[in-house]
Amino acid sequence: MASPSHPARPRRNLLPFAGVALILLALFNGWDAMAALIDSPVVTGSGRYVFGDLHSLGWTVLALAVAQGLAGITLLTGDLPSRWFPVAVLCANVFVQFVFLPSYPAWSLMIIAVDVAALHAVLTAPDGGGRS
């Protein structure tokens, strides 16, 4: 709450950051998906998967990558009514990264950190406009 001696500062609009972060996450997840779909030795090192086989995981992550790219574009265009789509996509990516956590803990934790930063940017953005 602002006092007379300390006026409230306007909130920064971090939606462009979130849009770029979503597009980068889409690229990272796209690379992970392609590695899973072509049976890359990088991904097949641990042969146990919770949800189906490696190919189903690859297709799921590829679909998520496409959704992340679309969500990033909607944020960069300043489409405020569709802010909940990027929130849903970022939350879904956090859960998907937990699947990769046993195999690639550092990579998964880095991606989760970017997800959380982008979520913060989307959820704390001012309501007044998509661009600043």
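A residue is called buried when its relative accessible area is under 20%, exposed when it is over 50%, and partly exposed in between, using a 1.4 Å probe and protein chains only. By that scale tryptophan 107 is partly exposed, because its relative accessibility is 31%.

Some background helps before going further. This is a predicted model, in which local features need pLDDT of at least 70, side-chain atom pairs count only at pLDDT 80 or more, and totals for chains, interfaces and linings use all residues. Residues are numbered from 1 along each chain as its sequence is written, and side-chain values use heavy atoms, leaving out hydrogens and water.

**The aromatic cluster**

Let us start with the rings. Rings of Phe, Tyr and Trp (its six-membered ring) pair if their centres lie within 6.5 Å; planes under 30 degrees apart count as stacked, over 60 as edge-to-face and the rest as tilted. How many aromatic pairs does a search of the whole structure find? There are 2 aromatic pairs, set out here.

| Pair | Centre to centre | Angle between planes | Type |
|---|---|---|---|
| Phe28 and Trp31 | 5.8 Å | 45 degrees | tilted |
| Phe28 and Trp107 | 5.2 Å | 70 degrees | edge-to-face |

The pair of phenylalanine 28 and tryptophan 107 joins distant parts of the chain, 79 residues apart: phenylalanine 28 sits in helix α1 and tryptophan 107 in helix α4 (residues 105-123). Helices here are DSSP runs (H or I, at least four residues), numbered from the N terminus. Phenylalanine 28 and tryptophan 31, by contrast, both belong to helix α1, 3 residues apart, about one turn of the helix. Together, ring pairs link Phe28, Trp31 and Trp107 into a cluster. Is phenylalanine 28 partly exposed or buried? With a relative accessible area of 23%, phenylalanine 28 is partly exposed, while tryptophan 31 counts as exposed at 55%.

**The nonpolar patch**

Trp31 also appears in a nonpolar surface patch with Val20, Leu24, Leu27 and Leu76, which together have about 470 Å² of accessible area. Patches join nonpolar side chains (Val, Leu, Ile, Met, Phe, Trp, Tyr) within 5 Å and like charges within 9 Å, from residues with over 30% relative accessible area and no salt bridge. A salt bridge is a side-chain nitrogen of Lys or Arg within 4 Å of a carboxyl oxygen of Asp or Glu, and accessible areas come from the Shrake-Rupley method with a 1.4 Å probe, where for residues only the protein chains shown count as cover. Helix α1 (residues 15-37) gives the most to the patch, with 4 residues. Valine 20, found in helix α1, is partly exposed at 44% relative accessibility.

Note on methods:
Helices (H or I, at least four residues) and strands (E, at least two) are DSSP runs, numbered from the N terminus.
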